[in-house]
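Here is a set of questions and answers about one protein chain, meant to be read beside its sequence and its model. Each answer works through the geometry before it arrives at the value or name requested.

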Amino acid sequence: MNGSVSGPAAGARAELARAQAELLAALVAGGEPPRGFDEGRLRIQAASLVSKRRGVVARIRPDLVALLGAAGFAAEFDAYARGRPKPPGGSRADARDFAERLRAAGHPLPEPEPEPPAGRRRWTRFTRALRELPPVLPTRVKGLTRGWAGRPR
């Protein structure tokens, strides 16, 4: 067997791929809802996905929220994101593109701080997560006369 699919299975896969592409377009790119889906529920889910993107961009660029105010930021970002999927490059690219759209619309924006290298961002997230953990120290260590907490064995 060479791994290729033919016959009815290939047709079913192609149909599934088409349906998934339609659903994705309806959720993130303002496309028409696929046949058989509740249009109202898709609208709610699409709004939820835009809200999630807006929250991430607000964390990446709090200066934009401060400049526009919470309501202004939400309105501007919703207008930007409506019918536009997240760009390649993820949330940082989304924040950069949104800021460029604001700059093109005439908003005076400060220059963003340079992005740290990807490895540095991961290390920062790791160390922040470590700081948030509760301290866990064993009270006894085999072979020692005192445990780490200083209590006698």
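Q: Which residues in α2 do Leu23, Ala26, Leu27 and Val28 in α1 meet?
A: In this predicted model, contact is taken as heavy atoms within 4.5 Å. The residues of the contact of α1 with α2 divide into 7 nonpolar, 1 polar and no charged. On the α1 side stand Leu23, Ala26, Leu27 and Val28, and the residues they meet in α2 are Leu42, Gln45, Ala46 and Leu49.

Q: At roughly what angle do the axes of helix α1 and helix α2 cross?
A: Two packed helices are described by the angle between their axes and by the distance between those axes. Here helix α1 covers residues 8-28 and helix α2 covers residues 39-60, and their axes come within 8 Å. The angle at which these two axes cross is roughly 65°.

Q: What distance separates the end C-alpha atoms of α1, and what should its residues span?
A: Helix α1 has 21 residues, and the reckoning uses 1.5 Å a residue. Because the expected span is 1.5 Å times one less than the number of residues, the 21 residues of α1 should span 30 Å. The end C-alpha atoms agree with this, being apart by 30 Å.

Q: Is Pro34 buried or exposed?
A: Pro34 lies in the loop between α1 and α2, and, leaving aside its neighbours within four places in sequence, it is in contact with Glu22, Leu23, Ala26 and Leu42. Its C-alpha is 9.4 Å from that of Ala21, although the two residues are 13 apart in sequence. Because buried means under 20% relative accessible area and Pro34 has a relative accessible area of 6%, Pro34 is buried.

Q: Which element gives the largest share of the largest nonpolar core?
A: This core has 13 residues, of which Val57, Leu64, Phe73, Phe77, Phe98 and Leu102 touch the most other members. The elements that give two or more residues to the core are α2, α3 and α4. The largest share, 6 residues, comes from α3.

Q: What is the relative accessible area of Phe77?
A: Phe77 has its place in helix α3, and, leaving aside its neighbours within four places in sequence, it is in contact with Val50, Arg53, Arg54, Val57, Asp94 and Phe98. The C-alpha atoms of Phe77 and Ala99 are separated by 9.6 Å, with their positions 22 residues apart along the chain counted as their separation. Phe77 is buried because its relative accessible area falls under the 20% cut-off, and the value is 0%.

Q: Which elements are included in what covers the buried residues of α4?
A: Helix α4 takes in residues 90-104, and its first and last C-alpha atoms lie 21 Å apart, close to the 21 Å expected at 1.5 Å a residue. The buried residues in α4 are Ser91, Ala93, Asp94, Ala95, Phe98, Ala99 and Leu102. What covers them includes α2 and α3.

Q: Which residue with a positive phi follows α4?
A: A residue with positive phi also follows α1, where Gly30 has a phi near 70°. After α4 the phi is near 100°, and the residue is Gly106.

Q: What percentage of the residues of the protein chain count as buried?
A: The secondary structure of the protein chain comes to 5 helices and 0 strands, and the chain exposes about 11300 Å², of which carbon and sulfur atoms supply 58%. Among contacts between residues at least 6 apart in sequence, 39% join residues at least 24 apart. Of the 153 residues of the protein chain, the share that counts as buried is 17%.

Technical notes:
Residues numbered from 1 in each chain as written. Predicted model: local features only at pLDDT ≥ 70, side-chain atom pairs only at ≥ 80, totals over all residues. Heavy atoms only, no water. Axes fitted to C-alpha atoms, helices over the stretch in contact; angles between N-to-C directions. Helix = DSSP H or I, 4+ residues; strand = E, 2+ residues; numbered from the N terminus. Nonpolar A, V, L, I, M, F, W, Y, C, P; charged D, E, K, R; others polar. Buried < 20%, exposed > 50% of the residue type's maximum accessible area, 1.4 Å probe, protein only. Areas by Shrake-Rupley, 256 points an atom, 1.4 Å probe, with all protein chains shown as cover. Core = buried A, V, L, I, M, F, W, Y, C linked by side-chain atoms within 4.5 Å.
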